[in-house]
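Hi everyone, thanks for having me. Today I'd like to walk you through a structure, one piece at a time. Please take a look at it with me.

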Amino acid sequence: DTGALIRDLLPGAYEVRLEKEGWSSWQKTLQVKPGLITSASQIKLWPKEIELEKISDGETKNFYLTALGAVFQNSDDDLAFNELTLRGREVVLNGPDSKILVTSDKNSFFLADLDTPKTAINLNQLFNSLKQRQLNLPGEVPILGVLTHPFSPQKILILTKSTLYALDFRKLALEKLAAAAEQIEDYAKSNNDVFLWDGEVLSVVNLLLKIKSTYPLLSTEDARLIVGQSGVVLILSKKGGLYSYDRNAVGSTLLAENVKEVILSPEEKRAALHFGDGSLQVFYLRDYQSDIEYKAFTKKTILPRGRGEVRDLTWLPKMNYLSGIYGNNLWLTET
């Protein structure tokens, strides 16, 4: 809890090992330089035996966290909450601090307040009814996606093929926020903005000011957006090319190739890159200072190629660790 300082060492490499009975050990080689202190602040010992508590009977295919507990999905894709079967076959919107859940079944979307989970709103019917009645926009339009609203828990964002709307499901009010030039191919959200990509132009809708800005993209190949809460924009093409996009310079930079999956770190200065050959790498998007200083565009290999598949990668918040499923094991690594 208080740390430890080892003084008066000669410059060189030192192997440090920490052990505690019943816990995994921690080991690292630290380089000591003249006149400087070498620090290792992210030391975590993990219990060798983890107590498990059974929270669901039967086969569980997936689970989703909410403020009132978990929603479980069985092998038949039925969704259960407190032994009640919910409408929909897939959860598309949930949060560990939210009581609101949005599910889908094919092209139909349903919104449920988990305080009263027996009643679910058909979002398609409500949206199209409000669109025609309040906005005088005729015809039924399918919903492409649903996003949380960053400023109001009683609002959600609804995307159609070309337009972004805000729906207040308490007041039953619909607001049109922006339209894309062409059909939306991908979308993402940060703390303040919604990003809409139609394959040629990136439209950014500021939800606070309710204004839209457009930025041309250099590549029109099929790709998806990875957007951080602070507005960091990465583009991952279906061919595996990973690009960073600078809105100020209106240009993109190729960061890596053959990338299969990208996970931004909590502070968004780093990204975990999972490659097609099975290797795992931490890529530094900006200068980063911790125990060791890393310059932008530095690459650090965590797992070499050919070691097997890593899935469900996650950065652990407030810790310098990555976790994932490696084979049949829960796997953690200090980065």
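I'll go through two sheets, a hairpin, a helix with its core, and then one serine. Please keep in mind that what you see is a predicted model.

Let's begin with the sheets. Going by strand number, look for S3, S4, S5 and S6: they make an open sheet of 4 strands in that order, and the pairing is antiparallel. The edges are strand S3, residues 60-66, and strand S6, residues 84-86, and each of these pairs on one side only. On average, neighbouring strands here are turned by 30° against each other, direction ignored. If you'd like to see one pairing up close, go to strand S5, residues 79-81, which is joined to S6 by 3 bridges. There, Ala80 has Thr85 in S6 as its bridge partner.

It helps to recall a general point: strands of a sheet pair through backbone hydrogen bonds, either parallel or antiparallel.

Further along the chain, there is another open sheet, with 4 strands in the order S23-S24-S25-S28 and antiparallel pairing. Which strands stand at its edges? They are S23 (259-264) and S28 (299-303); each has a single partner strand, so one side of each is left without a neighbour in the sheet. Neighbouring strands of this sheet are turned by 25° against each other on average, again ignoring direction. Inside the sheet, 5 bridges link S24, residues 270-275, with S25, residues 280-284, and these two run antiparallel. Arg270 stands opposite Tyr284 in S25.

Now for a hairpin. Strand S17, residues 201-206, and strand S18, residues 211-216, run antiparallel and are joined by 6 bridges. Between the two strands are 4 residues, and Lys210 in that turn has a positive phi of about 60°. Asn206 has Ile211 in S18 as its bridge partner.

On to the helix and its core. The largest nonpolar core has 17 residues, and Val102, Leu111, Leu123, Ile143, Val146, Ile156 and Leu167 have the most contacts inside it. Two or more residues each come from strands S8 (100-105), S9 (108-113), S12 (155-159) and S13 (163-168), and from helix H1 (123-135). Which element gives the largest share? That is H1, with 4 residues.

Leu123 is a nice one to click on. Leaving aside neighbours within four places in sequence, Leu123 is in contact with Val102, Phe109, Phe110, Leu111, Ile143, Val146, Ile156 and Leu167. Apart from this core lies another, of 15 residues, among them Leu255, Val262, Phe283 and Leu285.

Let's stay with H1 for a moment. Its buried residues include Leu123, Leu126, Phe127 and Leu130, as well as Asn124, Asn128 and Lys131. Here is a general reminder: an α-helix has 3.6 residues a turn, so residues three or four places apart point the same way. At the N-terminal end of H1, Asn122 acts as a cap, with a side-chain oxygen 3.1 Å from the backbone nitrogen of Asn124. Just after the helix, Asn136 takes a positive phi of about 55°.

Last stop: Ser162, in the loop between S12 and S13. Is Ser162 buried, partly exposed or exposed? Its relative accessible area is 30%, so Ser162 is partly exposed. Its side chain makes a polar contact of 3.4 Å with the side chain of Thr163. Leaving aside neighbours within four places in sequence, Ser162 is in contact with Ala178, Ala179, Ala180, Glu182 and Ile184. Ser162 and Glu182 are 20 residues apart along the chain, while their C-alpha atoms are separated by 6.4 Å.

Definitions and conventions:
Residues numbered from 1 in each chain as written. Predicted model: local features only at pLDDT ≥ 70, side-chain atom pairs only at ≥ 80, totals over all residues. Heavy atoms only, no water. Pairing = 2+ DSSP bridges. Axes fitted to C-alpha atoms, helices over the stretch in contact; angles between N-to-C directions. Core = buried A, V, L, I, M, F, W, Y, C linked by side-chain atoms within 4.5 Å. Buried < 20%, exposed > 50% of the residue type's maximum accessible area, 1.4 Å probe, protein only. Contact = heavy atoms within 4.5 Å. Polar contact = N/O pair within 3.5 Å; in protein donor to acceptor, adjacent residues only side chain to side chain.
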